[in-house]
Amino acid sequence: MLLNSLVELDRAHLIHPVASYRGHEKAGVRVLASGKGARVRDAAGHELVDGFAGLWCVNAGYGQDRIIEAAARQLRELPYATGYFGLGSEPAIRLASELADRAPGDLNHVYFTLGGSDAVDSTVRFIRYYHHSLGKPEKDQFISVMSGYHGSSTVGAGLTALPVFHAGFGLPFDWQHTIPTHYSYRNPVGTEARAIIDASVAALRAKVEELGAERVAAFYVEPIQGSGGVLVPPNGWVKAMRDTCRELDILFVADEVITGFGRTGPLFACEEEGVVPDLMTVAKGLTSGYSPMGAVFLSDKVYNTIADGAGAAAVGHGYTYSAHPVSAAVGLACLELYEDGLLDNGRRAGQRLMLGLRSLADHPLVGEVRGRGMLAAVELVTDKERKTPLPATAEPARRIFDRAWDNGLVVRAFPTGILGYAPPLCCTDDDIDAIVERTRATLDQTLDDPDVRAAMRD
């Protein structure tokens, strides 16, 4: 179809996620047409380095023949198999086994979903069933961390602690609670790791005491907070929170939807601190975005408690497309690619990315560069000493994204003036260097923005 026809059809019919509907109608859609490696082209032929891997998810990169062939082969052989009625398919069974073999500790049981949001929803149902099985139905309060993201489903969006996912939706629910984020660049206790860890542990203990330990069911964390601005906790933070949960008899849920499958270096970010959660969610890199799939890992303790609690009765939780054979075949192909060099390449590329972005630290607008592996952020300020954010009048989310796009780069531009990066693990040196060079050009253009200039004079 002609591009202008697609734009009009999109404007009239397609609802876009987390968008101003009227704003999108006015601006119109940018149509992506093709991708190869770490690069994409739009329908007008403009090539860009995808510095955000779609939505943190195309870890393997675009156009991977091994993944495409696995999906096509499975579509021909068996395009669908339900997991109901005791049925299954070989790809799903094999993928569950392969994932369990690689997961931390005793996370030996895998429930497949369509993505991260319904994986988080599934954890809430599993956790409630777990406590009911133990004869503790009063354990029905859930805690997460401010600036955390745990999906945009009705339940998950309440655990997500970002205002845009609450406004107009009547969220969070009264059983969903938060503690302050570890956000080191703007933490009231300062930037010292021990102080931040101690403050978070104290905040969790205080919240549990406020609610009553006998009421608290679970605590949710991302090893690195993604949609909150790529907020990296100090080393030891995740382990300290896990140890506190164990002491307080609270289930610890690691949300690795973004950080899983090589994004920070290892297959799972929890491995970096030797943490074994009670439940763990994954998605995105599981299939590298080639097909929808997520998963929930359950520890032996959680699984066996639920199984024994149900006895001969069915556990009433299921999705039509759980353990979809095509997505499972894609997941198996992705695992092969990760272990056939992509994880190693991602580690090398991640080092180059962090070095390159840190070279921007002397730019007048750069307040902080942070990240781990192929997950990074550059936080922009108009005053480095006072850490003054970019003014809202500068419309960072729109203007910076537009500038980067015109410069041939896709990044996540947050409304707070943070630039987020999560490139494919297949990036070459040229790809990484282009990300850095095009970011610098975008920063220079932003420095010339009249609204930014005015804020810097204030």
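Trainee: Which residue lies over the face of Trp-175?

Mentor: Keep in mind that this is a predicted model. Trp-175 belongs to an aromatic cluster with Phe-142, Phe-173 and Tyr-220. Over the face of Trp-175, at 4.5 Å from the ring centre, lies Arg-128.

Trainee: And which residue lies over the face of Trp-405?

Mentor: Here the partner is again an arginine, placed 5.0 Å from the ring centre. This arginine also turns up in a network of salt bridges that share partners, alongside Glu-395 and others. The residue over Trp-405 is Arg-30.

Trainee: How many aromatic pairs does a search of the whole structure find?

Mentor: Rings count as a pair if their centres lie within 6.5 Å. With that cut-off, the search of the whole structure gives 14.

Trainee: What kind of aromatic pair do Tyr-149 and Phe-165 form?

Mentor: Their ring centres are 5.2 Å apart, with 65 degrees between the planes. Tyr-149 sits in the loop between β5 and α7, while Phe-165 is 16 residues away in the loop between α7 and β6. Planes over 60 degrees apart get a particular label, so this pair is edge-to-face.

Trainee: Is Phe-165 buried or exposed?

Mentor: Its relative accessibility is 13%. The cut-off for the lowest class is under 20%, so Phe-165 counts as buried.

Trainee: How many salt bridges are there?

Mentor: Side chains of opposite charge can pair when their charged atoms come close. The rule used here asks for a side-chain nitrogen of Lys or Arg within 4 Å of a carboxyl oxygen of Asp or Glu. By this rule the count is 35.

Trainee: What separates Asp-243 and Arg-246 along helix α9?

Mentor: Their side chains meet in a salt bridge, 3.5 Å from N to O. Asp-243 is partly exposed at 32% relative accessibility, and Arg-246 is exposed at 52%. Because they are 3 residues apart in the helix, the separation is about one helical turn.

Trainee: Which residue forms a salt bridge with Lys-301, and is that partner buried or exposed?

Mentor: The bridge spans 3.7 Å from N to O and joins Lys-301 to Asp-278. Lys-301 is in helix α10 and Asp-278 in the loop between β8 and β9, so the pair ties together parts 23 residues apart in sequence. Lys-301 is partly exposed at 43%. With a relative accessible area of 5%, the partner Asp-278 is buried.

Trainee: Which helix holds both Asp-402 and Arg-398?

Mentor: These two side chains meet in a salt bridge of 3.5 Å, N to O. They are 4 residues apart, about one turn, and Arg-398 is partly exposed at 44%. Both belong to a network that also includes Arg-399, Arg-403, Asp-449 and Asp-451. The helix, residues 396–406, is α12.

Trainee: Zooming out, what is the radius of gyration of the protein?

Mentor: The secondary structure comes to 14 helices and 16 strands. For 458 residues the globule rule gives 23 Å, and the protein's own value is close to that, so it is as compact as a globular protein of that length. The C-alpha trace spans about 65 × 55 × 45 Å along its principal axes. The radius of gyration is 22 Å.

Trainee: What share of the residues is buried?

Mentor: The protein exposes about 19,500 Å², with carbon and sulfur atoms supplying 54% of that area. Of the 458 residues, the buried share is 55%.

Technical notes. Residues numbered from 1 in each chain as written. Predicted model: local features only at pLDDT ≥ 70, side-chain atom pairs only at ≥ 80, totals over all residues. Heavy atoms only, no water. Phe/Tyr/Trp six-rings, centres within 6.5 Å; stacked < 30°, edge-to-face > 60°. Helix = DSSP H or I, 4+ residues; strand = E, 2+ residues; numbered from the N terminus. Buried < 20%, exposed > 50% of the residue type's maximum accessible area, 1.4 Å probe, protein only. Lys NZ or Arg CZ within 6 Å of the ring centre and 35° of its normal. Rg over C-alpha atoms; globule rule 2.2 N^0.38 Å. Areas by Shrake-Rupley, 256 points an atom, 1.4 Å probe, with all protein chains shown as cover.
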